[in-house]
Amino acid sequence: MVPGNKSGQLLRRASGCLAGVAVGDALGGPLEGYSTEQIATQFVQLREMTGGGYKELAPGDTSDDTAHTRILAESVAACGRLDPSDLARRLADWYRYDGFGIGCHTESVLSRIAGGEDWEQAALEVQAAKPDSAGNGSLMRCSAVALLRHAEPELLIDESRLSSRVTHPHSYCQWSCVFVDLLLARLLTGDNPSASFDAVFAYCSNREDFPLPVLERAARARSPRSGDNLNPSGYVLDSLECALWALLNHRSFEQTLIAAVNLGGDADTIGSIAGALAGTAYGLHAIPGRWLVHVSGWPQLQDLAADIIKIS
Ligand SMILES: [Mg+2]
């Protein structure tokens, strides 16, 4: 059956979401760890899938951002819901057999889970040892929850938080996932980025349980400005602000992604988060073919997106 206009749009946006993560990861990978000065000297502005960088990537190579997004999407597609034990098992398997690009905090948690520890105990113990640790490791992978629960905000909120708690129980991490998943859900149904952002921001502002620092960062991203004062670090609130800024201050998938990754720093992860947002806002067909051809895993992500939309 040929999908109708509305379901066709939903599918194109859901596919754009997951493929956008992989494209942002691959585009930003060569700039990971670079300052804006280094980027200006070496690339002027990176606009193509060049490969290279500190990890000596081939053009189109992806890392943990794409792997964890795929794993969460596979888990959700298989279970029909966010099952934290299933997600933890799949992430621990990835850690055992691949692990490319893993961050320190995530490695501490997944090594314990891979060693047989319960996921919740592992995540809470690692958090207790470093109470302020709040990296972007759960934010980069959370988008499949939005695809599954786009029409059910309370379930979306519960499962976005739960998806974060498997490795990143810090409240800023949990609620950054909620904000981005609510925004993705809104973008899936066709609102433009500014209108979607404003609706989600108002909704979150009215909740008593929503942490103020997450809202403050989102509000800063909304004000129009250049990227000069942004800090593209792996701290979850920095990454959230950078990705939202890129979405809200640019008008196409291509412009959004170029702006996001050329901030440098944690460029692959910020590119991935911006890629999910812009891929959803503009749809799969807006992703430049000259980028997509280098990213080998995107057809699989497209199929996963379709599977999740089918059960949503
Ligand atoms: Mg990475």
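**An all-round look at a helical chain**

The secondary structure of this predicted chain comes to 16 helices and zero strands, where helices (H or I, at least four residues) and strands (E, at least two) are DSSP runs numbered from the N terminus. With a radius of gyration of 18 Å, close to the 20 Å that the globule rule gives for 312 residues, the chain is as compact as a globular protein of that length. Here the radius is taken over C-alpha atoms, and the rule is 2.2 Å times the number of residues to the power 0.38. The C-alpha trace spans about 45 × 45 × 40 Å along its principal axes.

A word on conventions helps at this point. Residues are numbered from 1 along each chain as its sequence is written. Since the model is predicted, local features need pLDDT of at least 70 and side-chain atom pairs count only at pLDDT 80 or more, while totals for chains, interfaces and linings use all residues.

Of the 312 residues, 54% count as buried. A residue is buried if 20 or more other C-beta atoms lie within 10 Å of its own, exposed if 12 or fewer, and partly exposed in between, with C-beta atoms placed from the backbone. Among contacts between residues at least 6 apart in sequence, 72% join residues at least 24 apart; two residues are in contact if their C-beta atoms, placed from the backbone, lie within 7 Å.

Two helix pairs can now be followed in the structure. Two packed helices are described by the angle between their axes and the distance between the axes. Axes are lines fitted to C-alpha atoms, for helices over the stretch in contact, and angles run from 0 to 180 degrees between N-to-C directions.

In one pair, the axes of helix 11 (residues 212–222) and helix 12 (residues 236–248) come within 8 Å and cross at roughly 30°. Helix 11 is therefore roughly parallel to helix 12, given that angles under 35 degrees count as roughly parallel, over 145 as roughly antiparallel, 65 to 115 as roughly perpendicular and the rest as oblique. Their crossing is right-handed; a crossing has this hand if the near helix is turned clockwise from the far one by less than a right angle, and is left-handed if anticlockwise. On the helix 11 side, the residues that meet helix 12 include Pro213, Val214 and Arg217, and their partners include Leu237, Leu240 and Trp245. By class, this contact has nine nonpolar, no polar and four charged residues. Ala, Val, Leu, Ile, Met, Phe, Trp, Tyr, Cys and Pro count as nonpolar, Asp, Glu, Lys and Arg as charged, and the others, Gly among them, as polar.

In the other pair, helix 9 (residues 171–188) and helix 10 (residues 193–205) pack at an angle of about 135°, with their axes 9 Å apart. That angle makes helix 9 oblique to helix 10, and the crossing is right-handed. Among the residues making the contact are Phe179, Leu182 and Arg186 of helix 9, along with Ser196, Phe197 and Tyr203 of helix 10. The contact of helix 9 with helix 10 has ten nonpolar, one polar and one charged residues.

Two residues stand out by their backbone. Most residues other than glycine have a negative phi. Valine 44, however, has a positive phi near 65°, and glutamate 56 has a positive phi of about 50°. Valine 44 lies in the loop between helix 2 (36–42) and helix 3 (64–79), and glutamate 56 is found in the loop between helix 2 and helix 3 too. Valine 44 is exposed, with 9 other C-beta atoms within 10 Å, and glutamate 56 is exposed with 9 such atoms.
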